[in-house]
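Here is an informal walk through one protein model, from strand pairings to salt bridges. Have a look at the structure first, then read on.

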Amino acid sequence: MTMQRRRRLIAFVLTAALLTTAAVAIVSIWGSLSPGNAPVLEVRRDRFVHKVSGEGVLKAAKSTPLTVPVTLRRSVKIAWMIDDGTPVQEGDVVVRFDSTDLETELLDGRVGFVTAESKIAKTRTEAGAKIRNFDRDSEVAQLELDSARKFQTKDEEIFSRNEIIESEINEALATQRLTHLDGTRETQKVLSKAEEDLLFIERRKANMKIQQAEESLRSLEVKAPHDGIVVFHRDWRGDLPQVGDMAWRGQPLAEIPVLEEMEAEIQVLEADAGGLAVERPAHVMLEGQPDVMFTARIR
């Protein structure tokens with residue numbers, strides 16, 4: 001057998017084998033598509049459920065805020081604070097502020113009040129002495145005027161013209177001196193009253209400083225208004241307040257949640273939020289209780 005004939009024979013055998021395999025495959029496929037072996041799928045109308053998952057934080061729907069008392073007239077420093085998340089009862093101290101600066105203000109106010117009182121007493125004593133001196137001088141001037149009028153020389157037959165003129169001048173001088181003393185005395189009364197009024201204002205300012213310091217000292221403790229758990233507010237960096245931080249009147253510090261009603265703030269991707277709507281049902285699972293599923297509704 002020549003080489004060329006051998007190659008033709010091999011090619012024929014391979015071709016026959018391939019045709020035989022293809023025929024078997026066709027028969028197998030045809031058999032599977034026969035009416036008795038066709039797959040059947042039952043189609044029925046049912047509810048389409050679209051589930052959206054997300055993560056977030058659990059917080060109270062209602063809470064009682066704890067702020068720096070508005071009675072504090074100045075910034076204060078946190079001297080002590082309870083740990084975040086600590087259970088408290090009504091009346092428990094949550095935050096206590098440093099009293100050093102307020103005690104200094106109270107001492108300054110008391111010193112100012114005593115100083116103003118001393119100045120008022122001194123002013124009254126000095127004013128009284130001056131008024132008594134003016135009264136005494138006025139009495140002397142009045143006696144001099146009465147004497148000048150009583151012994152005035154007006155008789156031209158007895159006294160010379162110069163004596164008459166001198167007597168008239170003495171009367172006029174005594175009158176002017178008495179008028180001047182009376183006017184000066186009234187002016188001194190007005191000045192003493194004005195100076196005393198200024199000292200009264202100074203005393204009131206010192207007294208107001210004392211009252212404000214005492215009121216602030218009574219407000220250095222922030223107490224829990226009811227039972228609950230203290231949750232401190234975080235700043236813009238996400239940090240909790242610390243001992244030594246400064247706080248200002250009205251500044252929010254913490255809150256005590258009302259645990260009877262809680263809400264979960266969940267972050268959902270915008271692509272998945274298309275089917276969400278208010279009052280749709282939801283389920284919440286806590287990391288601390290993975291086996292418990294809480295029912296909820298979208299707000």
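## Starting inside a sheet

Let's begin with a single pair: V76 stands opposite A247 in β9. Do keep in mind that this is a predicted model. The pair belongs to the match between strand β3 (residues 76-81) and β9, which is antiparallel and runs over 2 bridges. β3 also pairs with β5, again in the antiparallel sense, this time over 3 bridges. Here I78 is the residue to look for, standing opposite F97 in β5.

Carry on outwards and β5 meets β6 through 3 bridges, antiparallel once more. V93 has K223 in β6 as its bridge partner. Put together, that makes an open sheet of 4 strands in the order β6-β5-β3-β9, with antiparallel pairing. Its edges are β6 (221-223) and β9 (246-247), each of which pairs on one side only.

## The three-stranded sheet

There is also an open sheet of 3 strands, ordered β2-β10-β8 and paired antiparallel. The edge strands are β2 (63-67) and β8 (231-232), with pairing on one side only for each. Between β2 and strand β10 (residues 252-257) there are 5 bridges, and the two run antiparallel. One spot to check is P65, whose bridge partner in β10 is E255.

E255 turns up again around I229, a residue of strand β7 (residues 228-229). Setting aside neighbours within four places in sequence, I229 is in contact with G85, T86, P87, E255, I256, P257 and L259. The C-alpha atoms of I229 and G85 are separated by 5.7 Å, although the two residues are 144 apart along the chain. I229 counts as partly exposed because its relative accessible area is 28%.

## The chain as a whole

Stepping back, the protein chain has 3 helices and 13 strands. Of its 299 residues, 20% count as buried. The accessible surface comes to about 22600 Å², and 56% of that belongs to carbon and sulfur atoms. Among contacts with a separation of 6 or more, 77% are between residues 24 or more positions apart.

How about a residue on one of the helices? E196 is found in helix α3 (residues 161-218). With a relative accessible area of 14%, E196 is buried. Beyond residues up to four places away in sequence, E196 touches I120, T123 and R124.

## Salt bridges

The structure holds 14 salt bridges. In one of them, the side chains of E265 and K59 meet at 2.8 Å, N to O. E265 lies in strand β11 and K59 in strand β1, so the pair ties together parts that are 206 residues apart in sequence. Both partners are partly exposed: E265 at 39% relative accessibility, and K59 with a relative accessible area of 34%.

D101 forms another salt bridge, with R74, and the closest N and O atoms are 3.5 Å apart. D101 sits in helix α2 (residues 100-150) and R74 in the loop between β2 and β3, so this pair links parts 27 residues apart in sequence. D101 is partly exposed at 42% relative accessibility, and R74 is partly exposed at 30%. R74 and D101 also share a network of salt bridges with E105. Elsewhere, D235 and R237 form a salt bridge with closest N and O atoms 3.3 Å apart. D235 is partly exposed at a relative accessible area of 31%, whereas R237 is exposed at 52%.

## A surface patch and an unusual phi

Which residues form a nonpolar patch on the surface? They are L58, L259 and M262, with about 260 Å² of accessible area together. L58 is found in strand β1 (residues 55-60) and is partly exposed, with a relative accessible area of 44%.

For a backbone detail, try E279, in the loop between β11 (262-267) and β12 (281-286). E279 has a positive phi of about 75° although it is not a glycine. Most residues other than glycine have a negative phi.

## How far to trust it

The mean pLDDT of the protein chain is 81, and 79% of its residues reach 70 or more. Confidence is highest in strand β5 (residues 93-97), at a mean of 95, and lowest in helix α1 (residues 3-32), at 46. Over residues 5-27 the pLDDT is below 50, and beyond near neighbours in sequence this stretch has 1 contact in the model. Where pLDDT is low, predicted coordinates should not be read in detail.

Key
Residues numbered from 1 in each chain as written. Predicted model: local features only at pLDDT ≥ 70, side-chain atom pairs only at ≥ 80, totals over all residues. Heavy atoms only, no water. Patch = residues over 30% accessible without salt bridge, like charges linked within 9 Å, V, L, I, M, F, W, Y side chains within 5 Å. Areas by Shrake-Rupley, 256 points an atom, 1.4 Å probe, with all protein chains shown as cover. Salt bridge = Lys/Arg side-chain N within 4 Å of Asp/Glu carboxyl O. Buried < 20%, exposed > 50% of the residue type's maximum accessible area, 1.4 Å probe, protein only. Contact = heavy atoms within 4.5 Å. pLDDT = per-residue confidence, 0-100. Pairing = 2+ DSSP bridges.
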